[in-house]
Amino acid sequence: MSFIALNRIILALSLLSSAFAQAETTLVAVAANFTKPMTEIAEAFEKASGHSAKLSFGSSGKFVAQFENGAPFEVFLSADDKSPLKLEQSGLAVAGSRFTYAIGKLVLWSGNPGYVDEQGKILSKGDFKHLALADPKLAPYGAAAVEVLKNQGLLEKLQALFVQGENIAQTHQFISTGNAELGFVALSQVIENGKIGSGSGWIVPENLHSPILQDAVLLKTGAENPAAQALLAFLKSPPALVIIEKYGYALPATN
């Protein structure tokens, strides 16, 4: 082996070692509705950057309480825009780091094929005993579901039938296991190849509830972690946006 070739190998190994030495891990709190897309995005992020993201999923409201009690998360992907704003205002998040990464879509869904009609008229017929939704005090999708029922004049009639999940993942579980005949979940949880993959559902028209603007923010605990900053930048990149749209989310105009 020539001296030049040997030097090139040594240089390549040195650069590779340097790249791995600089790779970091960031702790990310993710709204439960974004579980599937964020799992894919984290894999793509690691391949593209060398950094890794350790994900925890739950309700946006509960995460805020955890941050306020010192939980060591560095990035927050909320299911709303109010929680990240609150964190900025309280000094727990880096000012100016907040942005909308996705706009959520609500669906009335049942695990039973043909059970929910495409106009959602089953709600007014009331031919069911349980209606699942995420806790509206903690989960933005639950709050949107309540808003839909109010706008249709059905809240008082159906409130006694509510089965509340702590978050949208638990709500989906209630319906998929048959503990509730139907309920409100995120479209991302039931979409496959651009349509509702199993059971039956009604994609709720956007004019029946306020926009579900999902904001991301850099927490102060992650301000010095390059992996945290890189992940937020990656969320705006074409590979991430393709994944977000695949799961039924709309993209904000700024993207």
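Arg98 is partly exposed in this predicted model, with a relative accessible area of 32%. Its side chain meets that of Glu88 in a salt bridge, with 3.1 Å from N to O. Glu88 lies in helix α4 and Arg98 in the loop between α4 and β4 (99-104), so the salt bridge ties together parts that are 10 residues apart in sequence. Glu88, at 17% relative accessibility, counts as buried, because the cut-off for that class is under 20%. Salt bridges that share partners bring in Asp215 as well, joining Glu88, Arg98 and Asp215 into one network.

Asp215 also appears in the surroundings of another acidic residue, Asp80. Leaving aside neighbours within four places in sequence, Asp80 is in contact with Pro140, Leu213, Gln214 and Asp215. Asp80 is found in the loop between β3 and α4. Asp80 is buried, yet it has no salt bridge. The nearest side chain of opposite charge is that of Lys82, 6.0 Å away; this leaves Asp80 unpaired because a salt bridge requires a nitrogen within 4 Å of a carboxyl oxygen. What the side chain of Asp80 does make is a polar contact with the side chain of Ser78, at 2.5 Å.

Helix α4 has a further salt bridge, this one to helix α3. The side chains of Glu68 and Lys86 meet at 3.6 Å, N to O. Glu68 is in helix α3 and Lys86 in helix α4, and the pair links distant parts of the chain, 18 residues apart. Both ends are partly exposed: Glu68 has a relative accessible area of 45%, and Lys86 has a relative accessibility of 44%.

Helix α3 takes part in another such pair through Lys62, which forms a salt bridge with Glu166, the closest N and O atoms being 3.1 Å apart. Lys62 lies in α3 and Glu166 in the loop between β7 (162-165) and α8 (168-176), so this salt bridge ties together parts that are 104 residues apart in sequence. Lys62 is partly exposed at 34% relative accessibility, and Glu166 is likewise partly exposed, at 37%. In total, the model has five salt bridges.

The buried residues of α3 (residues 60-68) are a separate matter from these charged pairs. Ser60, Phe63, Val64 and Phe67 are buried. They cover an arc of only 105° around the axis, which puts them on the same side of α3. An α-helix has 3.6 residues a turn, so residues three or four places apart point the same way. The cover over the buried residues of α3 includes β1 (25-31), β2 (52-58), β3 (75-77), α4 (82-89) and α6 (140-151). Helix α4 therefore meets α3 in two ways: it is among the elements that cover the buried residues of α3, and its Lys86 pairs with Glu68 of α3. After α3 comes Gly70, whose phi is positive, near 95°.

A one-sided arrangement is also found in helix α10 (residues 226-234). Its buried residues are Ala227, Ala228, Leu231, Leu232 and Phe234. Seen down the axis of α10, they fall within an arc of 160°, so they line one face of the helix. At the start of α10, a side-chain oxygen of Asn225 reaches to within 2.9 Å of the backbone nitrogen of Ala227. Ala227 thus has two roles in this description, because it is one of the buried residues, with under 20% relative accessible area, and its backbone nitrogen is the atom approached by Asn225.

Technical notes
Residues are numbered from 1 along each chain as its sequence is written. This is a predicted model: local features need pLDDT of at least 70, side-chain atom pairs count only at pLDDT 80 or more; totals for chains, interfaces and linings use all residues. Side-chain values use heavy atoms; hydrogens and water are left out. Buried means under 20% relative accessible area, exposed over 50%, partly exposed in between (1.4 Å probe, protein chains only). Helices (H or I, at least four residues) and strands (E, at least two) are DSSP runs, numbered from the N terminus. The arc is that of the directions from the helix axis to the C-beta atoms. Contact means heavy atoms within 4.5 Å. A polar contact is a pair of N or O atoms within 3.5 Å; within protein, one must be able to donate a hydrogen and the other to accept it, and residues adjacent in sequence count only if both atoms are side-chain atoms. Lys and Arg count as positive and Asp and Glu as negative; His and the chain ends are not counted.
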